[in-house]
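Me: I'm new to this structure and would like a close look at one part of it. Could you take me through the largest pocket and then the pieces of chain around the elements that come up?

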Amino acid sequence: MIDLGRHVEAVAKARSFRIEGRVRQAVGQLVEVSGVEASVGSELEVIGRDVRLEVLGFRGDVLVTAPLGTTAGIAPGARVRLATHAAGIPVGRELLGRVLDAFGRPLDGRPAPIVMDRRAVHAAPPPAFEREPIHQLFDSGVRAIDALLPLGKGQRVGLFAGAGVGKSTLLGIMCRNAKVDVVVVGLIGERGREVGDFVRGALGPEGLARSVVIAATSDLPPLVRARGALVATAVAEHFRAQGLDVLLVMDSVTRFAMALREATLAAGEPALTKGYTPSVFAALPALLERAGTGRKGEGSITALYTVLAEGDDLGDPIADAAKGILDGHIVLARSLADRGLFPAIDVLRSISRVAPDVAPAPQLGTVSKLRDLMSANEEAADLIRIGAYVPGTDRRIDEARVIVPMIENLIRQRHDENVPRSAALASLGTIAERLR
């Protein structure tokens, strides 16, 4: 008779067998590995080194990988094995109030959070016809947005801005004051100093208490920076699945695209516009479409993605691609910032595509009239500036010269000021009275 107990015990004591490969070549941001099979997107670990490799593709039997850390110390022939088939991140309420890196490790000097749940870093967006429609107003805490550019819960918006026009200040106002359950902040490719400044200054203790901050600074390898954006999105998806309303702030989607450009160019992919590869333009909608409303019974992810306008050029290929994917955009103008108007929101160049679905008709009618007057004021700006315009020549321009300063007063808001939607609409109503 066969002694099954003895065989079971022998199997339990046996060591697990894992196929190992070898490093063939490491040049710049690429490491070639042979002898191990893995799918694209899998992670490998270099035995004896605290570094992982993400599989970008393969040439024949050779895997083309990029390091998720420094390549210092990796030698030819170094042993490599499969670490995981799908990258994941710990998720849960224990992450609230924490600042973490792209691997879920703490950056705030506190012990690592003990979290039981995990979520895949790479995930598909909710099916299009299973998403709930956007029908509820989103209270941002910013007077100009709630009055002139009403947003909806689950809307995805681009914040287009150059350097030094108050982008971080506006993000901080929304993170502190927006009416949501959870805030997830992804700081992608930022300078290390700016991460601390944003958490301590723009976000503050009150904002941090209900937030999860994922930071992947500019000194990290490109795929680690790109991973930071994916991890922040995965964390937001977890809270949405719990039925919560989430504000996802990502600063910036441009640096996410730049990181992918570095990695894919190193892998030999051909370049398109401004050096961006086809993979970058495929990755943008795959990332941005993950935000928004969820299935019935789930919450929402209202997303604000900053897009860096190099030299204030909104014709940048990443800016163009983002505009085509997102549900609206808010433009910060340097000309307004130079005049001391903060937040420097250029209302005429900004748009909320879901405003007709969420905002009341009287508000939309007033905003339409104000945009017309602002346009008239802009058209006549040169004549007014040189003193060539004679009052009484055009009734529309005369009215605009009275109304536009009132609109600018509505837009102006201190960084520590929380403006409820009711107060924003009251300010808009005051201006509307002058139009009658």
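Reply: What follows is a walk through the pocket, then a few local features of the chain.

Keep in mind that this is a predicted model. The largest pocket holds about 540 Å³ of space. Its lining is made up of 25 residues, and the ones closest to the centre are Glu 54, His 122, Leu 230, Leu 260 and Ala 283. So what sort of residues make up the lining of the largest pocket, by the counts of nonpolar, polar and charged? The split is 16 nonpolar, five polar and four charged.

Now for where the lining comes from. Four elements each put in at least two residues: strand E4 (52-59), helix H5 (222-241), helix H6 (253-266) and helix H7 (278-288). Of the contributors, H7 gives the most, with five residues. On the domain level, domain 1 (14-82) and domain 2 (89-356) each supply at least three residues of the lining.

Let's stay with H6 and H7 for a moment, as the chain beside them has some details to look at. Ser 252 sits in the loop between strand E15 (245-251) and H6, and the peptide bond joining Asp 251 to Ser 252 is cis, with omega at about 10 degrees. Move on to the loop between H6 and H7 and you'll find Lys 274. This residue has a positive phi of about 50 degrees, although it is not a glycine. Lys 274 is also partly exposed, at a relative accessible area of 47%.

There's a second cis bond to point out, this time from Phe 342 to Pro 343, with omega near -5 degrees. Pro 343 belongs to the loop between helix H9 (334-338) and strand E19 (351-352).

One more helix deserves a look, and that's H4. Helix H4 covers residues 192-209, which is 18 residues, yet its end C-alpha atoms are only 21 Å apart. A straight helix would reach 26 Å at 1.5 Å a residue. Where is the kink in H4? Look at Leu 203: a kink of about 95 degrees lies there, shortly before the proline Pro 205. Leu 203 is itself buried, and so are other residues of H4, including Val 195, Phe 198, Val 199, Ala 202 and Leu 208. The buried set in H4 also has glycines in it, namely Gly 196, Gly 204 and Gly 207.

Methods:
Residues are numbered from 1 along each chain as its sequence is written. This is a predicted model: local features need pLDDT of at least 70, side-chain atom pairs count only at pLDDT 80 or more; totals for chains, interfaces and linings use all residues. Side-chain values use heavy atoms; hydrogens and water are left out. On a 1 Å grid over the protein atoms alone, a cavity is a set of points where a 1.4 Å probe fits but cannot get out, and a pocket is an open set with protein on both sides within 12 Å along at least five of seven lines; lining residues have an atom within 4 Å of a point. Grid points are joined across faces, edges and corners, and a volume is the space filled by probe spheres set on the points. Ala, Val, Leu, Ile, Met, Phe, Trp, Tyr, Cys and Pro count as nonpolar, Asp, Glu, Lys and Arg as charged, and the others, Gly among them, as polar. Domain bounds come from an automatic or database domain assignment. The expected span of a helix is 1.5 Å times one less than its number of residues. The bend at a residue is the angle between axes fitted to the seven residues ending there and the seven starting there. Buried means under 20% relative accessible area, exposed over 50%, partly exposed in between (1.4 Å probe, protein chains only).
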